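Q: Please take a close look at one part of this structure, the places where its pieces meet. I am new to it, so go step by step.

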Amino acid sequence: MSGDSNGHGAHEPSFWRKYVFSVDHKVIGLQYMMTAMSFLMVGFALMLLMRWQLAWPGAPIPFFGRLFPPDLAPNGVMSGEFYNSLGAMHGTIMVFLGVVPLAVGAYGNYLLPLQIGAPDMAFPRLNMASYWLFLGGGLLMLSSFMMPGGAAQSGWTSYPPLSIINPGQTVWLFSMVLIITSSLLGSINFLVTAMNMRAPGMSLWRLPVFCWAQMVTSVLLLLAFPPLEAAAFLQVMDRVFHTSFYMPKGLVVLGHVSTVSGGGQPLLWEHLFWFLAHPEVYVLVLPPMGIVAEIIANNTRKPLHGYKTIVVSMISIGVMSFLVWAHHMFISGMSPALSNFFLVTTMIISVPSVAILTCLIFSLKGGSIRFTTPMLYALAFLPLFGIGGLTGLPLGLTVTDIYLHDTYYVIGHFHFVVVTGSILALLGGTYHWFPKWFGRKMNDTLGKVHFWGSVVCMIGVFGPMFPMGLAGASRRLYDPTAQVHNLIVQPLNVVSTVFAYGLFLFQLPFIWNFFHSMFRGEKTEENPWHATTLEWACPSPPPHGNFDKTPRVHRGPYEYSAPGRKTDYWMQTDPA
Amino acid sequence: MITTAMDNPDTHSGVSNAKLGVWLFLCSEIMLFATLFTSYIVLRTGASSWPWGWDALNVPLGTLNTAILISSSVTIVMAYARAYDKDVKGFRLWMGLTLLLSFAFLVVKGFEYHGEFAKGIWPSTSLFYACYFTLTGLHGIHILGGIVVNSSLLYMSFKKEHWDNPLFLGRVEGAGLYWHFVDIVWIFLFPALYLL
């Protein structure tokens, strides 16, 4: 509707309008992609520094140690405050500036309008505003390292009263407000686009799984982020105006009784934070699941097993994800009766997740699988995400969680979910849709090197964390050797660190492959994978406005190997 | 795969993009204020002592502001009705009145805040005043946002091109929806803070 005022005209826009301040969902999608991938690298780099300290506590950081100001790293040895900042910023950057913008901002923005047959988003200028708010929030977050007091030090979860006493937190809060606003505008845009802009014939049950995943994700972002915004607002009040929403009475800080009026509840923040952050986990997971579903259907050359089951499961995950948040808080001191409620809901929400994974595994059955590079990623996703999911169950049960809480086991669990799950799928998606974005293919050999190297290294980094956690090693320790019971598993920290550096090295072929293939890659036609969905029914890369004329949709998204047809794929747009 | 009559179902929600967008935005706003109200309840029930609103706050000014806001909801509906009939002058009159009332609300609010500051009361004084200043302050920011939207619509109404644009009426409606929402938030805020 508002698309008519945004000039899908014939005139050639200027360079700035075309590539920088663009309202085209495809350009914005790629902007999100480049920015989010850069943030992923930054977040990864922060972790590489931390891993050095964890493996060899107190040893000067080689090469880079001397580059840091002496208050952060005296004589090249990381200080405790710097370690805390790195930890807080690693989590924040990876979740809010890396994976979510990549999964939703980049993939969703680029593919959702194409897959539903729309010329653009419902509100293109709002879309541009979302990106610039996100970039502003991200840069502000990064700049906090250079500000007086340094970056936030209270973990990505920012639990009070620590977060209200520690320096650096105010900038964190303000950048979060920008990022949250960007997400809210984006999710409104996605939902309106998906509800109103579908091509004729594209009923809801003909939407590709990826679109459903984006829709559910948008609902989660729309309804779960405002509580964090409100919670952040209260924390800003506590920090700037010295209110005590989260400050109890008579708190003693560094030997002095705090002067705030008191009466607030630190636990309130935990509830509000996890009310966002648990749905946020599904924001991290659902779009990658959608990507994996697309890749699997395309490369098994048969319809997805249980399309409706997958969609209904995604919707029930979306609903249920609002009812499980306090399983992050079993040992926080909240009422045990509440713990039982959240234990039950947590067990229930694992059912639809398992249903999706089972459908995806059954989709492989009887297919003539093409082992293309994206398919390798999708196939690796299935067992590795499975490990991530199943290791979560002991954390959802109160009895086992009391022991495992805040150990390395937790870190291993959610990194298997997000890294070998989400990030692996997002990388696979890059290989899958690269021909659509740039009209060229990425190099397969380099892709396979990247794949095997990354998968082995990811398992090497996060695998050792399970035995470490079971042995009782706490997370967030600046010097793990300071506790005697950690010494026995300290060699595993070294293993983890070595694999982390390996993981970094194996990203280099990907980076080279990405940029080299953008200009020099093998040219492809508009549908190189012989896929069925609408994004493959327009030129690669699609022009401004996407389709020459509005496509008509005649069938469901995964009509592969339909009997009695010459080709083994039947596009949604084929009249017959 | 047989082609059926289902081949071309209606795929549109029947609600315009702008209206659907405003409604979704309001959903997120509901979550925002619901969180704040929930926090208020949690903090209040957990507190060892809590003042009665009518002892601590200026109830007459609050009542006046409630009347002002409810009137402004009426005037913005009138503005929409005038815009619907393409009555340019009527629209300007009612939208102008709405803006006047919104400014009046902020002025009254300013007097109220001033009275508290003069007594040496700040957000840091107690948890009650922290809730009071935060909730009413955030609501005030929403009023400011509404003033920006409404005055830009008033400005647009002076140009003929906007009256020819079919989207204009939708924008007025969207602004009306938002304004009603801000009003409803106050209807909850007023008793929660001043009366209970």
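A: What follows goes through the contact inside one chain, then the contact between chains, then some charged pairs and one buried residue.

The model is a predicted one. Chain A is divided into domain 1, which covers 27–91 + 118–248, and domain 2, which covers 281–524. The C-alpha centres of domain 1 and domain 2 of chain A are 19 Å apart. In the contact, 40 residues of domain 1 of chain A meet 47 residues of domain 2 of chain A. Together domain 1 and domain 2 of chain A bury about 3600 Å², and carbon and sulfur atoms carry 75% of that area. Three residues, A:R51, A:W205 and A:V209, supply 19% of the area that domain 1 of chain A buries against domain 2 of chain A, which is more than any other three residues give.

As for specific pairings, there are 0 salt bridges between domain 1 and domain 2 of chain A. Polar contacts do occur across this interface, with 14 residue pairs found where both residues are at pLDDT 80 or more. On the side of domain 1 of chain A that touches domain 2 of chain A, helix 2 (25–55), helix 3 (80–116) and helix 7 of chain A each supply at least two residues. Helix 2 of chain A has the largest share of that side, with 13 residues. Sorted by class, the side of domain 1 of chain A that touches domain 2 of chain A holds 30 nonpolar, 8 polar and 2 charged residues.

Next comes the contact between the chains. Chain A brings 45 residues to it and chain B brings 37 residues. The area buried between chain A and chain B is about 3400 Å², with 68% from carbon and sulfur atoms. Between chain A and chain B there are 0 salt bridges, and 3 residue pairs are in polar contact across the interface, both residues being at pLDDT 80 or more. On the side of chain A that touches chain B, helix 6 (169–196), helix 7 (209–240) and helix 8 (266–300) of chain A are the elements that give two or more residues. The largest share, 9 residues, is from helix 7 of chain A. That side of chain A is made up of 27 nonpolar, 13 polar and 5 charged residues.

Salt bridges are found elsewhere, with 9 in the structure over all chains. One of them joins B:E173 and B:K19, at 3.0 Å from N to O. B:E173 lies in helix 7 (residues 167–195) of chain B and B:K19 in helix 1 (residues 17–46) of chain B, so this pair ties together parts 154 residues apart in sequence. B:E173 is partly exposed at 24% relative accessibility, and B:K19 is partly exposed at 30%.

B:K160 forms another salt bridge, with B:D164, and their closest N and O atoms are 3.0 Å apart. B:K160 and B:D164 are 4 residues apart in helix 6 (residues 160–164) of chain B, which means about one helical turn separates them. B:K160 is exposed, at 61% relative accessibility. In chain A, A:D574 pairs with A:R565 in a salt bridge, with 3.9 Å between the closest N and O atoms. Also in chain B, a network of salt bridges links B:R82, B:D85 and B:D87.

Last is B:S72, in helix 3 (residues 59–84) of chain B. B:S72 has a relative accessible area of 1%, so this residue counts as buried. Leaving out residues up to four places away in sequence, B:S72 touches B:T98, B:L101 and B:W179.

Note on methods: Residues numbered from 1 in each chain as written. Chains lettered and ligands numbered in written order. Predicted model: local features only at pLDDT ≥ 70, side-chain atom pairs only at ≥ 80, totals over all residues. Heavy atoms only, no water. Contact = heavy atoms within 4.5 Å. Buried area = accessible area lost by both parts, 1.4 Å probe. Salt bridge = Lys/Arg side-chain N within 4 Å of Asp/Glu carboxyl O. Polar contact = N/O pair within 3.5 Å; in protein donor to acceptor, adjacent residues only side chain to side chain. Nonpolar A, V, L, I, M, F, W, Y, C, P; charged D, E, K, R; others polar. Domains from an automatic or database assignment. Buried < 20%, exposed > 50% of the residue type's maximum accessible area, 1.4 Å probe, protein only.
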